[in-house]
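The following questions and answers introduce a protein model and the ligand that accompanies it. Please look at the sequence and the structure before reading on.

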Amino acid sequence: PLDREELGNKSWGLLHTIAAKYPENPQPKDKTTMREFFTLFSKLYPCQHCAEDLKEDLLKNPPRTESQEALSQWLCRLHNRVNVKIGKEEFDCSKVNERWRDGWAD
Ligand code: FAD
């Protein structure tokens, strides 16, 4: 079984990759699907206290589905609120597409 750390690490990989591939100019259906995805994800995420906090956070900070940039930045800020909560370093959200969409320039 996956422990909480590994489940989290792999889940963030999936979530940030989904945001990286989201359309630049989403159709209304894309926006609805994305909002539904996060609602369902927060009901199913298999770490109970994580899921409870996520549901509350989503109510206060609903997904920004108007573009790839908006969604990726929104998710980065959500991830940073979890980082702060559990004492991890915050990530620089200006680098989120470099990390999860384009790959680091080097
Ligand atoms: P992770 O936080 O898993 O990050 C993986 C990689 O993402 C990092 O190496 C970094 O390259 C990149 N990254 C880091 N921050 C950002 C960011 N803001 N934006 C974009 N990329 C970033 N654990 C708990 O103990 N309590 C909780 O309540 C909890 N809630 C969670 C809620 C959700 C929705 C998820 C998906 C996970 C949650 N976790 C929780 C797990 C926790 O967030 C970490 O995934 C876990 O501690 C492993 O951390 P990690 O060091 O591997 O890095």
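Q: Which of the 22 residues around the ligand come nearest?
A: This is a predicted model, in which local features need pLDDT of at least 70 and side-chain atom pairs count only at pLDDT 80 or more, whereas totals for chains, interfaces and linings use all residues. Residues are numbered from 1 along each chain as its sequence is written. A residue counts as near the ligand if its C-beta atom, placed from the backbone, lies within 6 Å of it. Of the 22 residues in this shell, the nearest are Gly8, Asn9, Cys50, His79 and Phe91.

Q: Which helix supplies the largest share of the shell around the ligand?
A: Helices (H or I, at least four residues) and strands (E, at least two) are DSSP runs, numbered from the N terminus. At least two shell residues come from each of α1 (4–20), α3 (48–60), α4 (68–85) and α5 (96–102). The largest share, seven residues, belongs to α1.

Q: How many residues of the shell around the ligand are nonpolar, polar and charged?
A: Ala, Val, Leu, Ile, Met, Phe, Trp, Tyr, Cys and Pro count as nonpolar, Asp, Glu, Lys and Arg as charged, and the others, Gly among them, as polar. By these classes, the shell around the ligand has nine nonpolar, eight polar and five charged residues.

Q: How are α1 and α4 oriented, roughly parallel or roughly antiparallel?
A: Axes are lines fitted to C-alpha atoms, for helices over the stretch in contact, and angles run from 0 to 180 degrees between N-to-C directions. The axes of α1 and α4 come within 8 Å and cross at roughly 160 degrees. Angles under 35 degrees count as roughly parallel, over 145 as roughly antiparallel, 65 to 115 as roughly perpendicular and the rest as oblique. The two helices, α1 and α4, are therefore roughly antiparallel.

Q: Which residues of α2 and α3 meet?
A: Helix α2 (residues 28–44) packs against α3 at an angle of about 150 degrees, with the axes 8 Å apart. Two residues are in contact if their C-beta atoms, placed from the backbone, lie within 7 Å. Phe38, Thr39 and Ser42 of α2 meet, in α3, Ala51, Leu54, Lys55 and Leu58.

Q: What is the radius of gyration of the protein?
A: The radius of gyration is taken over C-alpha atoms, and the globule rule is 2.2 Å times the number of residues to the power 0.38. For 106 residues, a compact globule would have a value near 13 Å, which agrees with the protein's radius of gyration of 14 Å.
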